[in-house]
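Thanks for passing this model along for a look. Here are my notes, point by point, with the conventions spelled out as they come up.

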Amino acid sequence: MLNFKQIEKSDIKKYRAFYSDDEIGCEANMVSAYLWKHEYPIKFAVFDDTLIKAYFRSDGRLWGYCLPHGKNVKGALKAIADDAKENDRQPYMGYMSRKEREEFERLCTGKCIFEPSTTTQDYIYLTEMLAELPGKKYHAKRNHISKFNRTFPDSKTEPVTAENAADALKVAELWCLENGLTPNEHAEYAVIKEALENLNEFEMRGLILYVNQTPVAMTLGSEISPLCFDVNFEKALRDYEGSYAVINNEFAKTLTNYKYLNREEDMGLEGLKKSKLSYHPEIIYERFDGIPK
């Protein structure tokens with residue numbers, strides 16, 4: 001039987017080492033897995049130097065396994081099948097990228113029927129495009145930024161540090177209140193707070209947008225791989241029109257050592273999907289769920 005456990009701080013770098021250095025999907029981001037471990041019960045097991053991730057339900061029942069990563073993927077898939085049998089459950093495979101699906105089908109031909117998951121696909125952009133906003137297709141974004149700069153000439157951005165992390169958290173707090181949410185009862189606020197409290201330990205990077213010394217927008221993210229950076233959080237106050245476009249653009253300018261920016265999923269929200277598509281993703285990173293035959 002596989003011994004699954006929640007990820008701990010000391011596991012972040014250890015588990016990340018099971019993934020390759022050209023990953024661009026959020027499944028390889030162990031900082032994010034740690035931060036969201038309570039909201040989305042994710043647990044890990046190590047089998048023969050191979051990492052197995054699984055999603056659990058709030059009542060403790062296992063929802064589905066992910067494709068293992070490491071030296072013995074085939075053996076780990078056999079261990080998954082044995083674990084499912086011992087616990088009288090189907091070896092349901094979830095949250096698999098197209099590359100992972102192809103790997104699974106190569107090793108376990110015909111074992112699952114795959115269905116696309118339309119709410120968990122990542123939107124991935126060329127960092128250069130978001131930093132420069134070139135050409136006609138980004139005309140509207142450049143206009144939003146120009147209007148913001150005309151309206152708020154005393155604006156500036158600063159990297160998030162331990163010294164100004166409270167300003168980033170203040171933006172998240174005010175964003176919650178604007179949207180009728182109680183900050184201390186909102187899961188994402190708690191996650192942002194923990195991320196800011198562990199900024200250096202988790203090697204996270206972020207930016208704060210100020211208007212007249214008042215923080216009005218924040219963003220924060222972490223590395224998926226040397227190839228791709230994950231924008232985990234982005235919040236802006238509605239009274240400062242154009243602030244989302246500004247902080248998006250300014251943050252991208254600080255991340256040009258990465259080829260790609262992963263701006264994560266749309267959670268099935270039509271407005272969020274429209275916003276993400278308006279930045280013209282280079283890759284819509286598909287995901288699939290595998291139902292055992």
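1. A salt bridge here is a side-chain nitrogen of Lys or Arg within 4 Å of a carboxyl oxygen of Asp or Glu. With that cut-off, arginine 106 pairs with glutamate 103, their closest N and O atoms lying 3.1 Å apart. Please keep in mind that this is a predicted model, in which local features need pLDDT of at least 70, side-chain atom pairs count only at pLDDT 80 or more, and totals for chains, interfaces and linings use all residues. Residues are numbered from 1 along each chain as its sequence is written, and side-chain values use heavy atoms, with hydrogens and water left out.

2. How far apart are arginine 106 and glutamate 103 in helix 4? They are 3 residues apart in that helix (residues 98-107), about one helical turn. Helices (H or I, at least four residues) and strands (E, at least two) are DSSP runs, numbered from the N terminus. Arginine 106 is exposed, at 55% relative accessible area, while glutamate 103 is partly exposed at 25%. The classes are buried under 20%, exposed over 50% and partly exposed in between, with a 1.4 Å probe and protein chains only.

3. Helix 3 (residues 73-86) holds both aspartate 82 and lysine 78, 4 residues apart, about one turn of the helix. Their side chains form a salt bridge with an N to O distance of 2.9 Å. Aspartate 82 is partly exposed, with a relative accessible area of 31%.

4. A further pair worth a look is glutamate 188 with lysine 235, whose closest N and O atoms are 2.7 Å apart. Glutamate 188 sits in helix 8 (residues 187-197) and lysine 235 in strand 12 (residues 228-236), so this salt bridge ties together parts 47 residues apart in sequence. Both partners are buried: glutamate 188 has a relative accessible area of 16%, and lysine 235 has 8%. Elsewhere, Lys5, Asp11 and Lys14 are joined into one network by salt bridges that share partners. The structure holds 20 salt bridges.

5. Now the empty space. On a 1 Å grid over the protein atoms alone, a cavity is a set of points where a 1.4 Å probe fits but cannot get out; a pocket is an open set with protein on both sides within 12 Å along at least five of seven lines; lining residues have an atom within 4 Å of a point. Grid points are joined across faces, edges and corners, and a volume is the space filled by probe spheres set on the points. The count is 1 cavity of 30 Å³ or more, and the largest cavity has a volume of about 40 Å³. Its lining includes Tyr19, Lys53, Cys66 and His69.

6. The second largest pocket offers about 350 Å³. Of its 17 lining residues, Ile12, Lys13, Val31, Phe202 and Glu203 are the closest to the centre. Strand 11 gives the largest share of this lining, 4 residues.

7. On the overall fold, the protein has 10 helices and 15 strands. Its radius of gyration, taken over C-alpha atoms, is 20 Å, close to the 19 Å that the globule rule gives for 293 residues, so the protein is as compact as a globular protein of that length. That rule is 2.2 Å times the number of residues to the power 0.38. Buried residues make up 50% of the 293.
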